[in-house]
Amino acid sequence: MDTLTRMRAFIDVVEAEGFSAAARKIGRSKALLSKYVRELEDELGALLLNRTTRQFSLTEAGHTYYRRASEIVREIDSLADSVRESSGDVRGRIKLSAPRTLADAPIGQSLVDFAKAHPDIVLEIRLDDRFVDLVEEGFDLAIRISRLESSSLIARKLAPFRVMICGSPELLATHGRPARPQDLAGMPCIVDTNGRWLSNWPFKGEGGETISVSVAGPIEVNSPIAARAAAVSGLGFAGLPDFIAEPEVAAGRLVPVLEDRILEGGGIFAVYPHRRYLPAKVRVFVDYLADWFKTRAAP
């Protein structure tokens, strides 16, 4: 039990990127966490952390130990979750990675609704538009909005998703409606630099193949919300997630174009690492989201 306590303390310090931050996060003193980590290093006979008054980093042994220790602790927690689930008592902390787009859009309410429905589960949400390494960075799961490529992760599709190419009525009146994707190369476009394709927008070719069109315009911004605002203002065509574009399309402030040339197969996915036992709290969370999207996010 002492080793497990020290192991958890080490993981908390690594994930908080410092003793002070970890102490604030878990409600223990910095001195106690330092004591636990020092005892763990003494037990292992290896230095796990390089620490000075201003710097903090993992040693090579620390990287190795953190990766394996995180897996062990998650397995222990999963076992406890399984026992609690059998008694109807699901609790604990879920560390979730999600894109800012999810939190900024109305569908972000799904996370709030889950927290209200499950007060015994702490939902720790890290908003980041990069694809984090779930195992290396200690996440339980991630929400990804994309066309999912093959990977070593398990994925469950929560809802369909597609990109909509939209422009304002004023823009269409000035520049015309593009008849084919290649027409966008000569028209003003708004580039979302958080988007996967940046200024090379993919489309379905006439023969069903994937083609890429290079676009440019007056604004490049790392936010689909800002890109939508620029599109509504008539600055250019924008490639927007459907759940971001649809309110403005319904209001007549944006007009979809090239709808038959948009690539299919995208979705909103919950992804998590391959594990022998999926923690009950994660399964409860994913089941809740799947039901939420099915019953509330449907048009």
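## Cores and helix packing in a predicted model

Of the 299 residues of the protein chain, 44% count as buried. The model is predicted. The protein chain holds 10 helices and 14 strands. Along the principal axes, its C-alpha atoms fill a box of roughly 70 × 45 × 35 Å. Among contacts in the protein chain with a separation of 6 or more, 74% are between residues 24 or more positions apart.

**Nonpolar cores**

In soluble globular proteins, nonpolar side chains tend to be buried together. The largest nonpolar core here has 30 residues. Within this core, Leu141, Ile143, Leu158, Ile268 and Phe285 touch the most other members. Helices and strands both contribute: β3 (92-98), α6, β4 (121-127), β5, β6 (153-160), α9 (242-250), β14 (267-273) and α10 each supply at least two residues of this core. Helix α10 gives the most, with 9 residues.

Another core lies apart from this one. This other core has 22 residues, among them Phe19, Ala23, Leu40 and Ala69.

Leu141 has contacts on several sides of the sequence. Leaving out residues up to four places away in sequence, Leu141 touches Ile94, Lys95, Leu96, Ser97 and Leu134, and also Ala270, Val271, Tyr272, Val282, Phe285 and Val286.

**Two helix pairs**

The table sets out the geometry of two packed pairs.

| Helix pair | Axis separation | Angle |
|---|---|---|
| α6 (residues 109-117) and α10 (residues 280-295) | within 10 Å | roughly 125° |
| α2 (residues 19-26) and α3 (residues 30-44) | 8 Å | about 115° |

Helix α2 is therefore roughly perpendicular to α3. The crossing of α2 and α3 is right-handed. From α2, the residues in contact are Phe19, Ser20, Ala22, Ala23 and Ile26; from α3, they are Lys30, Leu33, Ser34 and Val37. By class, the contact of α2 with α3 has 6 nonpolar, 2 polar and 1 charged residues. Phe19 and Ala23 of this contact are also among the members of the core of 22 residues.

The angle between α6 and α10 is roughly 125°, so these two helices are oblique to each other. The crossing of α6 and α10 is right-handed. Helix α6 brings Gln109, Ser110, Leu111, Asp113, Phe114 and Ala117 to the contact; Val284, Phe285, Tyr288, Leu289, Trp292 and Phe293 meet them from α10. The contact of α6 with α10 divides into 9 nonpolar, 2 polar and 1 charged residues. Phe285 takes part in this contact. Phe285 is also one of the residues that touch the most other members of the largest nonpolar core, and it is in contact with Leu141.

**Two single residues**

Ser146 lies in strand β5 (residues 141-146). Its relative accessibility is 8%, so Ser146 counts as buried. Beyond its neighbours within four places in sequence, Ser146 is in contact with Phe131, Phe161, Arg196, Gly266, Gly267 and Phe269. Strand β5 is also one of the elements that each supply at least two residues of the largest nonpolar core.

Arg67 is found in helix α4 (residues 60-86). Is Arg67 buried or partly exposed? At 31% relative accessibility, Arg67 counts as partly exposed. Along the chain, Arg67 and Val135 are 68 residues apart. Their C-alpha atoms are separated by 7.4 Å.

Terms used: Residues numbered from 1 in each chain as written. Predicted model: local features only at pLDDT ≥ 70, side-chain atom pairs only at ≥ 80, totals over all residues. Heavy atoms only, no water. Axes fitted to C-alpha atoms, helices over the stretch in contact; angles between N-to-C directions. Helix = DSSP H or I, 4+ residues; strand = E, 2+ residues; numbered from the N terminus. Parallel < 35°, antiparallel > 145°, perpendicular 65-115°, else oblique. Left-handed = near helix turned anticlockwise from the far one by under 90°. Contact = heavy atoms within 4.5 Å. Nonpolar A, V, L, I, M, F, W, Y, C, P; charged D, E, K, R; others polar. Buried < 20%, exposed > 50% of the residue type's maximum accessible area, 1.4 Å probe, protein only. Core = buried A, V, L, I, M, F, W, Y, C linked by side-chain atoms within 4.5 Å.
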